[in-house]
Amino acid sequence: MRVVIQDNYDKMCKWAADYIAAKINSHKEDRPFVLGLPTGSSPIGVYRELVKKNKAGELSFANVITFNMDEYLGLPHEHDQSYWYFMHDNFFDHLVDMKPENINILNGMTDDPEKECADYEAKIAACGGIDLFMGGIGVDGHIAFNEPFTSLNSRTGVRDLTTDTRIVNSRFFGNDPEAVPAQALSVGVGTVFDSREVLVLINGHNKARALAATVEGAVSQKWTCSALQHHNAAIIACDEAACDELTVGAYKYFLDIERGERL
């Protein structure tokens, strides 16, 4: 596992955007580059940086296919808290050459959630798998909507959201946890870790315990993020505030190993 520590959130986002752009620009295969994407507050700065590069002509999305991690069950696209809306408002609508047909987001209004999830897995496979999956984690270490004690081999499916997750997300729903949907469609832990690379963003003191569990804790369903330890090409991009719970030795090790400022 690689841990890249940056001074603050903005520098973390710049580093992550530079890394993703370099991977897309160096993609030489005939098939499109397949990019997994998250929602939430953590990636907003990364999306902002990627849009800047795209508008400046430094990065093209014309040959990129995207798959989003999750979507609330029961929210239509036009709902301002749907993840379809979030992605278009914060990212897709600002790109100059993103093809709408290359955007894949789970349909929260499906009449058949199980089929929707199975078809999503099949489409990922048909595209050749995901080259790089960017993600974030919750304060309890969940990745996508794979709450604590979700199987580390899980695939895309329906997820019940915990009370804690609904409380945290209620800030987007008028501070009413009951207004937050109780279920979501989400890629599985296994889906994410089938990707050739995984890049996880962790920022802020409130994520410090989750970062420590991801990096130094035991691999456990309690912290689904801990599965990163078993991925051959896992990267965590974090800020200083998120490092508060790391042991001094681990913190110094990761700073030392990254001293060359490699991408």
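**Helix α2, a three-stranded sheet and the largest pocket**

Helix α2 covers residues 44-55, and at 1.5 Å a residue its 12 residues should span 16 Å; the C-alpha atoms at its ends lie 17 Å apart, which agrees. The model described here is a predicted one.

Much can be said about the surroundings of this helix. The residues of α2 that are buried are G45, V46, Y47, E49, L50, V51, K53 and N54. An α-helix has 3.6 residues a turn, so residues three or four places apart point the same way. The cover over the buried residues of α2 includes two helices and three strands by name: α1 (9-25) and α3 (83-90), along with β2 (33-37), β6 (132-136) and β9 (197-202). After α2 comes G57, which has a positive phi, near 80 degrees.

The next part is a sheet. Three strands form an open sheet in the order β4-β8-β7, and their pairing is antiparallel. β4 (70-72) and β7 (157-160) stand at the edges with a single partner strand each, so each has one side without a neighbour in the sheet. From one strand to the next, the twist averages 30 degrees. Strands of a sheet pair through backbone hydrogen bonds, either parallel or antiparallel. Here, β4 pairs with β8 (residues 183-186) in the antiparallel sense over 3 bridges. D70 has S186 of β8 as its bridge partner.

Helix α4 packs on this sheet, where it touches β7 and β8, and its direction makes about 120 degrees with that of β7. α4 comprises residues 113-126, and E114 is located in it. Is E114 buried or exposed? E114 is exposed, because its relative accessible area is 55% and the cut-off for exposed is over 50%. The C-alpha atom of E114 is 6.5 Å from that of G157, although 43 residues separate the two along the chain.

The last topic is empty space. Rolling a probe the size of a water molecule over the atoms shows where empty space is left. The largest pocket holds about 680 Å³ of space. It is lined by 36 residues, of which T39, G40, S41, N169 and R171 are the closest to its centre. Two or more residues of the lining come from each of β4, α3 and α5 (163-169). Which element gives the most to the lining of the largest pocket? That element is α3, with 5 residues. α3 is also among the elements that cover the buried residues of α2, and β4, which gives residues to the lining as well, is an edge strand of the sheet.

Methods
Residues numbered from 1 in each chain as written. Predicted model: local features only at pLDDT ≥ 70, side-chain atom pairs only at ≥ 80, totals over all residues. Heavy atoms only, no water. Helix = DSSP H or I, 4+ residues; strand = E, 2+ residues; numbered from the N terminus. Expected span 1.5 Å × (residues − 1). Buried < 20%, exposed > 50% of the residue type's maximum accessible area, 1.4 Å probe, protein only. Contact = heavy atoms within 4.5 Å. Pairing = 2+ DSSP bridges. Axes fitted to C-alpha atoms, helices over the stretch in contact; angles between N-to-C directions. 1 Å grid on protein atoms, 1.4 Å probe; cavity = no way out; pocket = protein on both sides within 12 Å on 5 of 7 lines; lining within 4 Å. Points joined across faces, edges and corners; volume = space filled by probe spheres on them.
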